[in-house]
Amino acid sequence: MDSFRGAAWAALPLLLSLLAAGPASAAPSTPSLTYGGLASVRPGDTLTVDARSGEASYGDTMHASVFLAPGRLRMMDPLLTTTVTIACDARPGTRPVTRRGAGDVGPDEHPFRWARVRVQPVDEDARRACRDKVKRLPAPKLAERWAPDSTWPQSEWDVRTFRAGSRITVTDNDDEGADGDISLTSRAFADHPVLRGARAVLTATATLKCGAAPGLYVVYRHDAGQSGPDRRWARLRVAPAASGKSCSTDQAAARSAGTSRTAVVAWTAGGVFLAAAAGTVLFRRARNRRLRADGARARSAA
């Protein structure tokens with residue numbers, strides 16, 4: 001019995017290590033590819049491509065003959081990244097991965113050889129399973145993460161988080177010369193900011209509603225003279241207002257609107273009063289003229 005107990009205690013560390021390694025070894029791994037690297041993949045695999053600063057530019061696209069579709073690099077600070085899927089009919093072998101610049105539009109711009117992928121051989125059953133897997137793939141996540149010290153928004157999907165009731169600065173780096181021509185609207189805004197600036201950068205200050213529910217909001221832009229609906233321009237995420245602090249942007253907006261309505265009522269009432277007073281004066285003048293005329297006719301008749 002003692003020898004059995006001793007053997008059990010001796011085997012316990014090994015058993016624990018196997019239990020700990022079991023789930024990790026069973027968890028599916030997602031291969032990744034970096035500049036100059038080689039990734040080993042199978043048909044249906046999801047491949048993450050990561051580029052550091054200087055290795056690629058925002059909006060560049062990654063291409064390979066075995067990709068189901070090209071991948072566009074998005075910002076996930078501090079990396080540029082995209083996710084691609086290996087086609088189910090990809091044949092075994094090593095293929096180049098090329099990078100094309102965001103502004104490349106024709107064959108004159110030669111793609112840059114960026115990395116390589118090696119496709120492992122699989123049987124037909126695996127290819128059929130691959131086709132079922134690809135059909136169930138979720139839509140790619142479009143939200144981006146930019147450096148917190150950069151201006152917002154850097155792109156349509158630069159989703160930053162702001163507290164309800166706060167005042168935020170909106171920056172536009174792409175519309176030089178459009179001072180005062182672009183207005184912004186959002187269900188999260190308590191006002192309608194207008195982008196202004198005499199140089200390349202336009203800015204505006206927007207106030208978030210105190211009552212804006214936490215969640216994702218779209219910011220729309222309206223250009224002077226445009227026809228058609230406003231287009232989606234940016235997105236932001238609203239967090240609850242800071243606890244213990246009063247939030248008065250909605251009340252201020254209501255007071256502003258109330259003041260405007262009061263002013264309109266006051267001006268309207270004043271106009272009615274002035275009109276009534278002017279009418280009374282004109283009536284009295286007409287009556288006096290009539291009385292003087294009647295008196296003159298009576299004296300001439302006498």
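Okay, so before anything else, one cut-off: when I say buried, I mean under 20% relative accessible area, and exposed means over 50%. Keep that in your head, because Glu-55, at a relative accessible area of 16%, then counts as buried. And one caveat up front: what you have on screen is a predicted model.

Right, the overall picture. We have three helices and 16 strands in this protein. There are 302 residues, and 30% of them count as buried. If you take contacts between residues at least 6 apart in sequence, 57% of those join residues at least 24 apart. On the surface side, the protein exposes about 19,300 Å², with carbon and sulfur atoms supplying 57% of that area.

Now, charges. Side chains of opposite charge can pair when their charged atoms come close. In this structure there are 10 salt bridges, and I'll walk you through a few.

Back to Glu-55. Its side chain meets that of Arg-52 in a salt bridge, 3.1 Å from N to O. So here's a fun one: is Arg-52 buried or exposed? Exposed, because its relative accessibility is 54% and the cut-off is over 50%. The partner, Glu-55, sits on the buried side at 16%.

Next, Asp-60 and Arg-99. Their closest N and O atoms are 3.1 Å apart, and they form a salt bridge. Asp-60 lies in the loop between β3 (46-51) and β4 (61-63), while Arg-99 is in strand β8 (residues 93-100), so this pair ties together parts that are 39 residues apart in sequence. Both Asp-60 and Arg-99 are buried.

Then there's Asp-179 with Arg-196, a salt bridge at 3.9 Å, N to O. This pair also links distant parts of the chain, 17 residues apart: Asp-179 is in the loop between β11 (167-172) and β12 (182-185), and Arg-196 is in the loop between β13 (194-195) and β14 (202-207). How do they do on accessibility? Asp-179 comes out at 40%, so it counts as partly exposed. Arg-196 comes out at 49%, so partly exposed as well.

And one more for the charge fans: Asp-175, Arg-221 and Asp-223 are linked in a network of salt bridges. Hold on to Arg-221, it comes back in a minute.

While we're around β13, have a look at Val-194, which is in that strand. Val-194 has a relative accessible area of 30%, so we call it partly exposed. What does Val-194 touch, leaving aside its neighbours within four places in sequence? The contacts are Gly-180, Ile-182, Ser-183, Thr-203 and Ala-204. And if you want a distance to check on your own screen, Val-194 and Thr-205 are 11 residues apart in sequence and 8.2 Å apart in space, C-alpha to C-alpha.

Okay, pockets. Rolling a probe the size of a water molecule over the atoms shows where empty space is left. The largest pocket holds about 680 Å³ of space. Its lining has 21 residues, and the ones nearest the centre are Thr-82, Thr-83, Ala-139, Pro-140 and Lys-141. The elements giving two or more residues to that lining are β5 (71-72), β6 (74-76) and β7 (79-85). Which strand gives the most? That's β7, with five residues. By class, the largest pocket's lining has 12 nonpolar, six polar and three charged residues.

The second largest pocket has a volume of about 200 Å³. Among the residues lining it are Pro-153, Asp-172, Arg-231, Trp-233 and, as promised, Arg-221. Strands β11 and β16 (231-239) each supply at least two lining residues, and β16 has the largest share, with three. The class breakdown for the second largest pocket is two nonpolar, four polar and six charged.

Last stop, the backbone. Most peptide bonds are trans. Where do we find cis ones here? One joins Asp-77 and Pro-78, with omega about 10°, and Pro-78 is in the loop between β6 and β7. Another runs from Trp-152 to Pro-153, with omega near -5°. Pro-153 is in the loop between α2 (124-135) and β10 (160-163), and it's also one of the residues lining the second largest pocket.

That's my tour, over to you.

Notes:
Residues numbered from 1 in each chain as written. Predicted model: local features only at pLDDT ≥ 70, side-chain atom pairs only at ≥ 80, totals over all residues. Heavy atoms only, no water. Helix = DSSP H or I, 4+ residues; strand = E, 2+ residues; numbered from the N terminus. Buried < 20%, exposed > 50% of the residue type's maximum accessible area, 1.4 Å probe, protein only. Contact = heavy atoms within 4.5 Å. Areas by Shrake-Rupley, 256 points an atom, 1.4 Å probe, with all protein chains shown as cover. Salt bridge = Lys/Arg side-chain N within 4 Å of Asp/Glu carboxyl O. 1 Å grid on protein atoms, 1.4 Å probe; cavity = no way out; pocket = protein on both sides within 12 Å on 5 of 7 lines; lining within 4 Å. Points joined across faces, edges and corners; volume = space filled by probe spheres on them. Nonpolar A, V, L, I, M, F, W, Y, C, P; charged D, E, K, R; others polar.
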